[in-house]
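Please find below some notes on the internal spaces of the model and on one of its residues. The points are brief and can be checked against the coordinates.

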Amino acid sequence: MPPPLPHAPHAPEAPEAPEAPEDAPPRAGERVFLDVIPGPRDDWFEAGALHRLLSQDWIVTPQSNRVGMRLAGAEPLVRSRAGELPSEGTVAGALQVPPSGQPVLFLADHPLTGGYPVIAVVPVGQLDRLAQVPVGAVLRFRRAPRPL
């Protein structure tokens with residue numbers, strides 16, 4: 001049997017996106033932290049989906065508009081249930097997840113109803129900051145502290 005190979009160094013990691021300052025509009029490539037409140041349909045996802053939402057970066061894609069920010073993450077959010085919900089009311093800040101597993105974050109001109117499950121919601125107090133986030137920015141979600 002041949003001798004074991006020497007330990008190979010790991011590939012360098014991508015550099016961390018710098019955090020956007022709170023007192024200026026964020027720019028493409030900067031990281032913006034947003035709080036989320038889990039639910040109301042987080043039970044429609046696999047056990048690790050909420051952790052996946054909170055533990056990875058989400059890039060704002062060019063398909064975003066005033067209706068919603070289309071986000072792209074390395075690992076999609078996987079549902080535990082097939083099919084669609086009956087249409088139900090939605091709010092600005094809702095993170096609705098279509099079958100692709102890549103969330104859409106509803107903005108000012110969001111639809112009044114939707115049929116995809118909402119895994120979490122950005123609190124209303126952060127929606128103004130959200131409106132300033134450009135395509136190419138990096139979003140990182142964190143669980144909202146209690147009470148809001």
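**Notes on a predicted model**

1. Surroundings of Q96. Leaving aside residues up to four places away in sequence, Q96 is in contact with T90, P103, V104, F106, G114, G115, Y116, P117 and V118. This is a predicted model, and the contacts should be read as such.

2. Position and burial of Q96. The residue belongs to strand 5, which spans residues 94-96. Its relative accessible area is 7%. Because buried means under 20%, Q96 is classed as buried.

3. Polar contact of Q96. Y116, one of the residues that Q96 touches, also offers its backbone oxygen to the Q96 side chain, at 3.3 Å.

4. The largest pocket. This pocket holds about 220 Å³ of space. Its lining consists of 15 residues, and R66, L107, A108, L130 and A131 are those nearest the centre. Helix 2 (residues 127-131) supplies the largest share of that lining, with 3 residues.

5. Character of the pocket lining. Of the residues lining the largest pocket, 12 are nonpolar, 2 are polar and 1 is charged.

6. The cavity. The count of cavities of 30 Å³ or more is 1, and the largest cavity has a volume of about 30 Å³. Its lining is made up of E19, A20, E22, R31, V32, F33 and R129. Strand 1 (residues 31-38) gives the largest share, 3 residues.

7. Character of the cavity lining. What classes of residue line the largest cavity? The lining has 4 charged and 3 nonpolar residues, with no polar ones.

Terms used: Residues are numbered from 1 along each chain as its sequence is written. This is a predicted model: local features need pLDDT of at least 70, side-chain atom pairs count only at pLDDT 80 or more; totals for chains, interfaces and linings use all residues. Side-chain values use heavy atoms; hydrogens and water are left out. On a 1 Å grid over the protein atoms alone, a cavity is a set of points where a 1.4 Å probe fits but cannot get out, and a pocket is an open set with protein on both sides within 12 Å along at least five of seven lines; lining residues have an atom within 4 Å of a point. Grid points are joined across faces, edges and corners, and a volume is the space filled by probe spheres set on the points. Helices (H or I, at least four residues) and strands (E, at least two) are DSSP runs, numbered from the N terminus. Ala, Val, Leu, Ile, Met, Phe, Trp, Tyr, Cys and Pro count as nonpolar, Asp, Glu, Lys and Arg as charged, and the others, Gly among them, as polar. Buried means under 20% relative accessible area, exposed over 50%, partly exposed in between (1.4 Å probe, protein chains only). A polar contact is a pair of N or O atoms within 3.5 Å; within protein, one must be able to donate a hydrogen and the other to accept it, and residues adjacent in sequence count only if both atoms are side-chain atoms. Contact means heavy atoms within 4.5 Å.
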